[in-house]
Amino acid sequence: MQIILLGPPGAGKGTLAALLKETFKLAHISTGDLLREQMKANTKLGGEIKKFVENGQLVPDGVVTLMVKQKMADAKILRSGFMLDGFPRTATQAQDLDKILAKIQPIDCALYMESTLPVILKRLTGRRVCRNCGALFHVVNKPPAKEGICDSCGGPLYQRSDDNEETIKKRMDVYLESTQPVIDYYKKQGKLVKVDGDKDSAKLHAELTKIFNADRKSHKDQKSGRN
Ligand code: ADP
Ligand code: ZN
């Protein structure tokens, strides 16, 4: 299974990806996470990346596409199937991804998580992330048992530097301008599946699990000549 998760910042891509990863044992490739790893490593590249991310701007296509290309060279990821979260974010990235995958496996679908601005703002300003394992929390919707401490691993929670109201609004503008064309790109390919990102992520996960399981079964049946 090869899935792309699309949608505005705060639509719940990361939360849904964590749930689907458990159910279907898919690799979760988040370009946001890959970029934050670079920033944390304090390399020269990390310093360059930081300037874009902290301003709510997109990191240049070439940098991000190369990261994804390197991941796609990993045989383990191709065997397990993958979810791409936060990539592609521009029409150029979408074309480059098709080129990368041409020799590998095409994607099955692009899940478009539609969400509204009030929900997005509430989710992102209250979001907390575990510095150690990346688990996601929310001060109101999903508080940890002990304030500031990760339920899963005991690591410290932090607030992303781009999760402030001003930068969130900038990210939304960038999304509308640069990422909206990506939605049309997959619509034209007949691969777009629209879901309600404002919905509770556990509910969404349950619905999608049913759909994907049915889909997998029909693929298997087709292969074995049944229908
Ligand atoms: P969100 O979806 O909540 O905005 P991400 O973690 O996906 O969060 O991305 C955080 C930031 O990382 C983006 O605002 C952008 O600066 C950068 N980024 C992530 N993915 C890409 C990408 N595919 N192309 C360019 N920049 C990216
Ligand atoms: Zn943790």
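**View 1. Polar contacts and salt bridges between the two domains.** In this predicted model, seven residue pairs are in polar contact between domain 1 and domain 2, both residues of each pair being at pLDDT 80 or more. On the side of domain 1 that touches domain 2, at least two residues each come from α1, α2 (31-40), α3 (44-54) and α8 (165-188). Helix α8 gives the largest share of that side, three residues. The count of salt bridges between domain 1 and domain 2 is two.

**View 2. The salt bridge of Arg171 and Asp162.** The side chains of Arg171 and Asp162 form a salt bridge, with 3.9 Å from N to O.

**View 3. Domain layout and buried area.** The domain assignment divides the protein chain into domain 1 (2-116 + 163-224) and domain 2 (127-162). Taken over C-alpha atoms, the centres of domain 1 and domain 2 are 22 Å apart. Eleven residues of domain 1 and eight residues of domain 2 take part in the contact. About 830 Å² is buried between domain 1 and domain 2, and carbon and sulfur atoms give 35% of this area.

**View 4. The five-stranded sheet and helix α1.** The strand order of this open sheet is β2-β3-β1-β4-β8, with parallel pairing. Strands β2 (27-30) and β8 (192-196) are the edges, each pairing on one side only. The average turn between neighbouring strands is 20°, direction ignored. Helix α1 (residues 13-24) packs on the sheet and touches β1, β2, β3 (82-85) and β4. The direction of α1 makes about 170° with that of β3.

**View 5. Pairing of β1 with β4.** Strands β1 (residues 2-6) and β4 (residues 109-114) run parallel and are joined by four bridges. Leu6 stands opposite Tyr112 in β4.

Terms used: Residues are numbered from 1 along each chain as its sequence is written. Chains are lettered from A and ligands numbered from 1 in the order in which they are written. This is a predicted model: local features need pLDDT of at least 70, side-chain atom pairs count only at pLDDT 80 or more; totals for chains, interfaces and linings use all residues. Side-chain values use heavy atoms; hydrogens and water are left out. Two strands pair if DSSP finds at least two bridges between them. Axes are lines fitted to C-alpha atoms, for helices over the stretch in contact, and angles run from 0 to 180 degrees between N-to-C directions. Contact means heavy atoms within 4.5 Å. Domain bounds come from an automatic or database domain assignment. Buried area is the accessible area (1.4 Å probe) that two parts lose on being put together, summed over both. A salt bridge is a side-chain nitrogen of Lys or Arg within 4 Å of a carboxyl oxygen of Asp or Glu. A polar contact is a pair of N or O atoms within 3.5 Å; within protein, one must be able to donate a hydrogen and the other to accept it, and residues adjacent in sequence count only if both atoms are side-chain atoms.
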